[in-house]
Amino acid sequence: MRRLLFRRSVLATALTLAVSGGSVSAQRPVKVPQALGKPYPEILKMGSEKWMEFHGEKHGHSTAAMWDGMELYSGALLWRNSELARNAPPAVRSRVSTLRKLLLPFISGICEVGYFNSGGGTIWVNVEAGSRAEAEEVLHRVLTRVKSPGAATTGQVLRAHAELDAAVRKRAKEDAVVAENAADARKRVKQLGAGLTPLFKQAGTLDRAGSDHLLGFLRRQLTLGLGDFS
């Protein structure tokens, strides 16, 4: 538990620096960070799947261990993006910082609704960690202007949000026990809808490829909130 709390503290510090637009290297020269003896660039070259296999061989595959592994991978992604943003034009650096500030609470909200829709489960701890890592992947594509994966529109995102709202309303009618928790879930869905407005605004400042990456991520997240893993 002490090791997990340490990892969480390290990631929280990195997030604070990234969100504020600063970086450790801006304060003093540092060596390339590493985890489990592997430098961050090597971890990123492995990719999330192979990294998680490697981490699992070291620490097992419990919920806590899987969370720890994905948090470490997120830390590597965050480091890479922070280094790229540090050398990017101020407008790009500001845009990435703003997007991260908007995406992190959006992801948390999605997972809360997904927890309700699926009937709970510790799996959502790892789902949220994975979504944060995916968000950093999206920011990396925006920073490096990766080719569009396919068209994504605000209309698709809004329809996904409407589907999520309908799913919560439907589940709320199942029984009295579920209905007691439905109010919070519906409130969260409403907040997610409000959170789309500034995210759409940011999408409008990106080139077409960047917009497609961002809007596609939002659509996937809203679908994830349905809580259907079948």
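## Exercises on a helical chain

Right after α3, G60 has a positive phi of about 85°. Keep in mind that everything below is worked out on a predicted model.

### Exercise 1: Get the layout

Task: work out how many helices and strands the protein chain has, and in what order they come.

Solution. Start by counting elements: the protein chain has nine helices and two strands. Next, walk along from the N terminus, and the order reads α-α-β-β-α-α-α-α-α-α-α. Then ask how much is tucked away: 43% of the 230 residues of the protein chain count as buried. Last, look at the contacts with a separation of 6 or more: 76% of them join residues 24 or more positions apart.

### Exercise 2: Check α3 against a straight helix

Task: compare the end-to-end span of α3 with that of a straight helix, then find where α3 bends.

Solution. First take the reference: at 1.5 Å a residue, a straight helix of 20 residues would span 28 Å. Now take helix α3 (residues 40–59), whose end C-alpha atoms span only 19 Å. Then look along the helix for a bend, and there's one of about 110° at G47. G47 is also one of the buried residues of α3, a list that includes Y40, I43, L44, W51, M52 and F54. Finally, see what sits over those buried residues: the cover includes β1, β2 and α4 (63–86).

### Exercise 3: Compare α6 and α8

Task: run the span check on α6 and α8, and find the kink in α8.

Solution. Begin with α6: its 22 residues reach 32 Å from first C-alpha to last, close to the 32 Å expected at 1.5 Å a residue. Move to α8, where 28 residues reach 40 Å between the first and last C-alpha, close to the 40 Å expected. Don't stop at the span, though: α8 has a kink of about 40° centred on A182. A182 is among the buried residues of α8, along with V178, A185, V189, L192, L196 and L199. A bit of helix geometry helps in reading such a list: an α-helix has 3.6 residues a turn, so residues three or four places apart point the same way. What covers the buried residues of α8 includes α5, α7 and α9.

### Exercise 4: Parallel or antiparallel?

Task: decide whether α7 runs roughly parallel or antiparallel to α8.

Solution. Take the packing angle first: α7 and α8 meet at about 170°, and their axes are 9 Å apart. Angles over 145 degrees count as roughly antiparallel, so α7 is roughly antiparallel to α8. Then pick out who makes the contact: from α7, the residues include V157, L158, H161, L164 and V168, and from α8 they include V178, A182, A185, V189 and L196.

### Exercise 5: Find the core

Task: find which residues touch the most other members of the largest nonpolar core.

Solution. The largest nonpolar core has 38 residues, and L103, F106 and L218 touch the most other members. As for where the members come from, α5 (90–118), α6 (123–144), α7 (154–172), α8 (176–203) and α9 (208–224) each supply at least two. There's also a second, separate core of 15 residues, with A35, L72, A129 and A133 among them.

Now zoom in on L103: leaving out residues up to four places away in sequence, L103 touches A135, L139, L199, L214, F217 and L218. Follow one of those partners, F217, which sits in helix α9. Its relative accessibility is 0%, so F217 counts as buried. With the same sequence neighbours left out, F217 touches L103, I107, S131, E134, A135 and V138. Check the pair F217 and A135: they're 82 residues apart in sequence, yet their C-alpha atoms are 7.6 Å apart.

### Exercise 6: Positive phi outside glycine

Task: place L36 and R145 in their loops, and say how exposed each one is.

Solution. L36 has a phi near 50°, which is positive in a residue other than glycine. It lies in the loop between β1 (34–35) and β2 (38–39). Its relative accessibility is 29%, so L36 counts as partly exposed. R145 is also a residue other than glycine with a positive phi, near 55°. R145 comes just after α6, in the loop between α6 and α7. At 62% relative accessibility it passes the 50% cut-off, so R145 counts as exposed.

Conventions. Residues numbered from 1 in each chain as written. Predicted model: local features only at pLDDT ≥ 70, side-chain atom pairs only at ≥ 80, totals over all residues. Heavy atoms only, no water. Core = buried A, V, L, I, M, F, W, Y, C linked by side-chain atoms within 4.5 Å. Buried < 20%, exposed > 50% of the residue type's maximum accessible area, 1.4 Å probe, protein only. Helix = DSSP H or I, 4+ residues; strand = E, 2+ residues; numbered from the N terminus. Contact = heavy atoms within 4.5 Å. Expected span 1.5 Å × (residues − 1). Bend = angle between axes of the 7 residues up to and from the residue. Axes fitted to C-alpha atoms, helices over the stretch in contact; angles between N-to-C directions. Parallel < 35°, antiparallel > 145°, perpendicular 65-115°, else oblique.
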